[in-house]
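Reader: I should like to learn how the features of a structural model are read, one at a time. Please give the general idea in each case and then apply it.

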Amino acid sequence: CGFSASTSASFTIRDTSNPTFTSTAQNQVAQCDGTGNGSDFNTWLNNNAGATATDACSSVVFSNDNNGQPISCGDATTVTFSVVDTCGNGPILTTATFTIVDNDPPFFVTDPQNSSVECDSSASSSFDSWLSSAAFATISDDCSTNGLTITNDFQGSTLPPGCFATAVVTFFGNDECGNRSNGETATFTIS
């Protein structure tokens with residue numbers, strides 16, 4: 001009599017399950033703003049492209065493999081978002097792409113200018129200069145600063161010789177993203 005015995009046991013909760021996505025990352029397309037869309041991209045990235053995740057036992061931690069934002073039209077950055085829980089389970093992965101598009105054409109800052117010259121031996125070369133200078137028009141674009149061109153609808157290489165010739169030419173602004181402005185018309189007259 002008087003004998004006693006004791007024992008001890010421990011109860012351990014272990015989390016061995018990966019977190020799960022409640023929503024996966026979503027692609028985003030942004031209209032080019034001319035400055036690289038940094039604010040839009042960073043918001044998308046900081047919000048994990050809309051992905052959310054949960055874990056039955058602990059909180060979750062997001063990370064991503066971003067290596068730089070897109071800059072101009074047609075550029076895209078694909079980012080993989082990784083999620084682990086605080087017990088080290090995971091990662092689970094979701095991927096999305098941020099793309100910059102430019103759907104806006106360039107616009108004329110200075111419209112094409114009409115020109116009139118006297119009928120003499122330099123009239124034809126004056127026309128050629130007027131045409132090659134896009135009638136002194138200038139264009140700009142909210143997205144593209146490089147690759148802007150002005151084209152025209154003039155058919156032929158120069159005006160026919162002679163006095164009282166007139167050319168009505170429509171000029172178009174073009175950007176590097178393939179957008180084309182509405183035409184602006186100017187007239188060249190030899191009198």
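Author: We may start with a single residue. C32 is found in the loop between β2 (28-31) and α1 (38-46). Helices (H or I, at least four residues) and strands (E, at least two) are DSSP runs, numbered from the N terminus. The model is a predicted one, in which local features need pLDDT of at least 70 and side-chain atom pairs count only at pLDDT 80 or more, whereas totals for chains, interfaces and linings use all residues. Residues are numbered from 1 along each chain as its sequence is written, and side-chain values use heavy atoms, with hydrogens and water left out.

Reader: Does C32 count as buried or exposed?

Author: Buried means under 20% relative accessible area, exposed over 50%, and partly exposed in between (1.4 Å probe, protein chains only). C32 has 8% relative accessibility and therefore counts as buried.

Reader: Which residues does C32 touch, apart from those up to four places away in sequence?

Author: A contact means heavy atoms within 4.5 Å. By that criterion C32 touches N37, I100, V101, D102 and C143. As for F154, 122 residues from C32 along the chain, the C-alpha atoms of the two are separated by 32 Å.

Reader: How should strand pairing be read, and in what order do the strands of the open sheet stand?

Author: Two strands pair if DSSP finds at least two bridges between them. Here 4 strands form an open sheet in the order β8-β12-β11-β10, with mixed pairing. β8 (115-117) and β10 (149-152) are at the edges with a single partner strand each, so one side of each has no neighbour in the sheet. From one strand to the next, the twist averages 25°; axes are lines fitted to C-alpha atoms, for helices over the stretch in contact, and angles run from 0 to 180 degrees between N-to-C directions. β8 pairs with strand β12 (residues 184-190) in the parallel sense over 3 bridges. S116 has T189 as its bridge partner in β12.

Reader: Where does helix α2 lie with respect to these strands?

Author: Helix α2 (residues 123-132) lies across β8, β10, β11 (166-174) and β12, and runs at about 170° to β12.

Reader: How many aromatic pairs are there?

Author: Rings of Phe, Tyr and Trp (its six-membered ring) pair if their centres lie within 6.5 Å; planes under 30 degrees apart count as stacked, over 60 as edge-to-face and the rest as tilted. By this rule there are 9 aromatic pairs. The ring centres of F127 and W130 are 5.8 Å apart with planes at 35°, so this pair is tilted. Both residues, F127 and W130, belong to helix α2 and are 3 residues apart, about one turn of the helix. For F127 and F188, the ring centres are 5.1 Å apart and the planes stand at 70°, so the pair is edge-to-face. This pair links distant parts of the chain, F127 in helix α2 and F188 in strand β12, 61 residues apart.

Reader: Which residues form the aromatic cluster with F127, and is F127 itself buried or exposed?

Author: The cluster consists of F127, W130, F154, F171 and F188. F127 counts as buried because its relative accessibility is 0%, and W130 counts as buried at 1%. F188 is buried as well.

Reader: Finally, how many helices and strands does the protein have?

Author: The protein has 2 helices and 12 strands. Along its principal axes, the C-alpha trace spans about 135 × 20 × 20 Å.
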